[in-house]
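Subject: Structure for you to look at

Hello,

I am passing on the structure we spoke about. Please open it first; my notes on what was found follow below.

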Amino acid sequence: MAVSHSVPSLPAETRSVRNPQLGPNGSLTHLLTLEGLPAEVIRHILDTAVPFTSISERDVKKVPLLRGTAVFNLFFENSTRTRTTFEIAAKRLSADVINLNIGASSTTKGETLLDTVDNLVAMNADMFVVRHSQAGAPHLIAAHLNRTGRNHVHVVNAGDGRHAHPTQGLLDLFTIRHYKRDFANLTVAIVGDVLHSRVARSLIHGLTTLSTPDLRVIGPQTLLPTAVQSLGVRVFHDMRAGLLGCDVIVMLRLQSERMRGALLPSAGEFFKHYGLTMEKLALAKSDAIVMHPGPMNRGVEIDSAVADGEHAVILPQVTFGIAVRMAVLSILAGN
Ligand code: CP
């Protein structure tokens, strides 16, 4: 089977709707992608998340910003971090959270995605958090709601195929800003399977929108999208050269579930050339941070000594994800 290395595009029915995530006055109606999202909207989300980071230190870990709001988690694909942190975020905002058990739902009997959505809207859903293996599924739902005059119901993309994962991109931006203050003068390297990574695509859009001056992708030709330079990145196939002087290193998992055909000789060979070890990390700046969106495959893209070492900020990324998702949900709710 032929392997497509191009940047994925959305189905025609979703492309026809022009930026469906912004309302007529430019306010955020849905969060579908960081591509084309204005810098001031991204900064507003990051700034809104800051006070939410301290909520876990309070006796009462809740605020009433989403009281009476029904948030439906629709995860058609597996998740540990995103689904759980969205649930925590919504509950900390006092929302009612409904986790649809997709495996036990009527989608298994042939009901279409949009029919499922219409039925949940009939149950007074206010927000959908959607993960789907098909690129464009959250856009399709948002466009359907907009077209049918129900844009008071909000959609958040929790990862669609290899297209976008905007809240992961935002929590990655939040983490970088937390440790490095701002994006001016930063050198950021994203390493590994960029081709299949919605995380990489969202982070690249976020970092370029916030004017990060030196953004690099590092990987073998087979795991980089064709014309990836058009996204505003520099390409390195030699990991040692690409890591020189970096402030931030973002490691990516090999996403074998999205690979068609053999793109690598072996996992062992990949680790030899593109796995992050302490020896390669030493080429970056002495205060470099190491990030990973998870799930990690130790010994494939990252050595345990690095994953558990003092440069890693992988678990703080997860914790910041709660605050960032609280910010997104509360902004969508109009708070
Ligand atoms: N980073 C991320 O999306 O992790 P999950 O697949 O566990 O949600």
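This is a predicted model. The best place to begin is the ligand and the residues around it. Nine names are worth marking in your viewer: Ser79, Thr80, Arg81, Thr82, Arg131, His165, Gln168, Pro293 and Gly294 surround the ligand. Sorted by class, this shell consists of six polar residues, two charged ones and one nonpolar one.

Three polar contacts to the ligand can be described by their atoms. Arginine 81 uses its backbone, with an N or O atom 2.9 Å from an oxygen atom of the ligand. Arginine 131 uses its side chain instead, placing a polar atom 2.9 Å from a ligand oxygen. With glutamine 168, a polar side-chain atom lies 3.0 Å from a nitrogen atom of the ligand. Of the 250 Å² that the ligand exposes when taken alone, the protein buries 92%. The ligand occupies the space of the largest pocket.

Now the domains. The domain assignment splits the protein into domain 1 (12–30 + 62–163) and domain 2 (166–317). Note that domain 1 is given as two segments, 12–30 and 62–163. The centres of the two domains, taken over C-alpha atoms, are 28 Å apart. Where they touch, 12 residues of domain 1 are in contact with 11 residues of domain 2.

Which domains supply the shell around the ligand? Both domain 1 and domain 2 do, with at least three residues from each.

Regards

Key:
Residues numbered from 1 in each chain as written. Predicted model: local features only at pLDDT ≥ 70, side-chain atom pairs only at ≥ 80, totals over all residues. Heavy atoms only, no water. Near = heavy atom within 4 Å. Polar contact = N/O pair within 3.5 Å; in protein donor to acceptor, adjacent residues only side chain to side chain. Areas by Shrake-Rupley, 256 points an atom, 1.4 Å probe, with all protein chains shown as cover. 1 Å grid on protein atoms, 1.4 Å probe; cavity = no way out; pocket = protein on both sides within 12 Å on 5 of 7 lines; lining within 4 Å. Sits in = over half its atoms within 2 Å of the grid points. Nonpolar A, V, L, I, M, F, W, Y, C, P; charged D, E, K, R; others polar. Domains from an automatic or database assignment. Contact = heavy atoms within 4.5 Å.
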